[in-house]
Amino acid sequence: MMNLNFSILDEPINLSNLTTLVVEDVRVFANLVREIYNFDNAEDLKIYDDKFKSLKAEEVLTITDVLGFDVNSRSVLKQIYGDLEIQLNEKPEVKSMIDKMTATLAELVGYELLDHELDLEQDEITVQELFQALGIKIETTSDTIFEKIFEILQIFKYLSKKQLLIFVNVSSYLTMAELESIKEFSDLQNLTILLLEPRKITGFPQYVLDSDYFLYMENMV
């Protein structure tokens, strides 16, 4: 379980599976979003586990623009390529075959370099560079914001270095049934997700930090 804390709170908020935090004061909300976005240099915001170990910036995935988020960004693909490489290393016979084919390809290209007028050289191609050359990427089929969010959830599930997924102001685009589906998925997959919202979500479990800086729980089981 993780904990979130910042100066206005009297005690930290437990982040377990899907947690919704509503911050009604605009300035506090804006400052919290800024702190999350610049997590490396955050001064007021603390996110840590039960052993008081603080999360690192690379362990947090923050989505402020769902539609603008590139599921095939360089950082996401790098993590996926790393996972694929680990998967390959667990299959020595397949890894050996790929290494031999890559070496043969490099040798053939090397002969062509010798025939060129310029003095050309080549580096040894890595497995991850091979993945990139083959154009391996995530297939995207989303037509709605809800489907795009589920694509992000599926990706996050396989990003082993990421510990916390934060969505900023997404509830306005979702129905109650869609929010419940996201909650059910996070529970089943044991994901830690934070919805940071500027307004209350009617009928949905949430922490609310009101305009008087009083924190209370609403619709919590």
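Is Y111 buried, partly exposed or exposed, and what is its relative accessibility? Y111 counts as partly exposed because its relative accessibility is 46%, which falls between the 20% and 50% cut-offs. Keep in mind that this is a predicted model.

## Surface patches

Y111 doesn't sit on the surface alone. Together with L108 and L114, Y111 makes up a nonpolar patch, and the three residues share about 360 Å² of accessible area. As for where to look, Y111 belongs to helix 3, which covers residues 92–114.

There's also a charged patch to look at. E121, D123, E124 and E129 form a negative patch on the surface. One of its members, E121, is in the loop between helix 3 and helix 4 (127–133). E121 counts as exposed because its relative accessible area is 75%, and the cut-off for that label is over 50%.

## Salt bridges within helices

Now for the charge pairs. Side chains of opposite charge can pair when their charged atoms come close. In this model the count is four salt bridges.

Helix 3 turns up again here, with K95 and D99 as partners. Their closest N and O atoms are 3.2 Å apart. Both residues lie in helix 3, four residues apart, which is about one turn of the helix. The two ends of this bridge get separate labels: K95 counts as buried because its relative accessibility is 18%, whereas D99 is partly exposed at 36%. The cut-off that matters for K95 is 20%, since buried means under that value.

Helix 6 (residues 176–189) has a bridge too, between K183 and D187. The N to O distance is 3.3 Å, and the partners are four residues apart in that helix, or about one turn. Both ends are partly exposed: K183 has a relative accessible area of 25%, and D187 comes in at 35% relative accessibility.

## A bridge between distant parts of the chain

What about K200 and E218? Their side chains form a salt bridge, with the closest N and O atoms 3.6 Å apart. This pair links distant parts of the chain, with the two positions 18 residues apart in numbering. K200 is in the loop between strand 7 (193–197) and strand 8 (206–209), while E218 is in strand 9 (residues 215–218).

How accessible is each end? K200 counts as partly exposed because its relative accessibility is 40%. E218 gets the partly exposed label as well, at 21%, given that buried means under 20%.

## Aromatic pairs

On to the rings. A pair of aromatic rings is described by the distance of the centres and the angle of the planes. The count here is five aromatic pairs, among them F146 with F150, an edge-to-face pair with 5.2 Å centre to centre and 65 degrees between the planes. Why are F146 and F150 separated by about one helical turn? They are four residues apart in helix 5 (residues 145–158), so the separation comes to about one turn.

F214 and Y216 make another of these pairs, this one stacked: the centres are 6.1 Å apart and the planes differ by 20 degrees. Y216 is partly exposed, because its relative accessible area is 23%. Back at F146 and F150, the grouping goes beyond a pair: F146, F150 and F185 form one aromatic cluster.

Note on methods
Residues numbered from 1 in each chain as written. Predicted model: local features only at pLDDT ≥ 70, side-chain atom pairs only at ≥ 80, totals over all residues. Heavy atoms only, no water. Patch = residues over 30% accessible without salt bridge, like charges linked within 9 Å, V, L, I, M, F, W, Y side chains within 5 Å. Areas by Shrake-Rupley, 256 points an atom, 1.4 Å probe, with all protein chains shown as cover. Buried < 20%, exposed > 50% of the residue type's maximum accessible area, 1.4 Å probe, protein only. Lys, Arg positive; Asp, Glu negative; His and termini not counted. Charge placed at Lys NZ, Arg CZ, Asp CG, Glu CD. Phe/Tyr/Trp six-rings, centres within 6.5 Å; stacked < 30°, edge-to-face > 60°.
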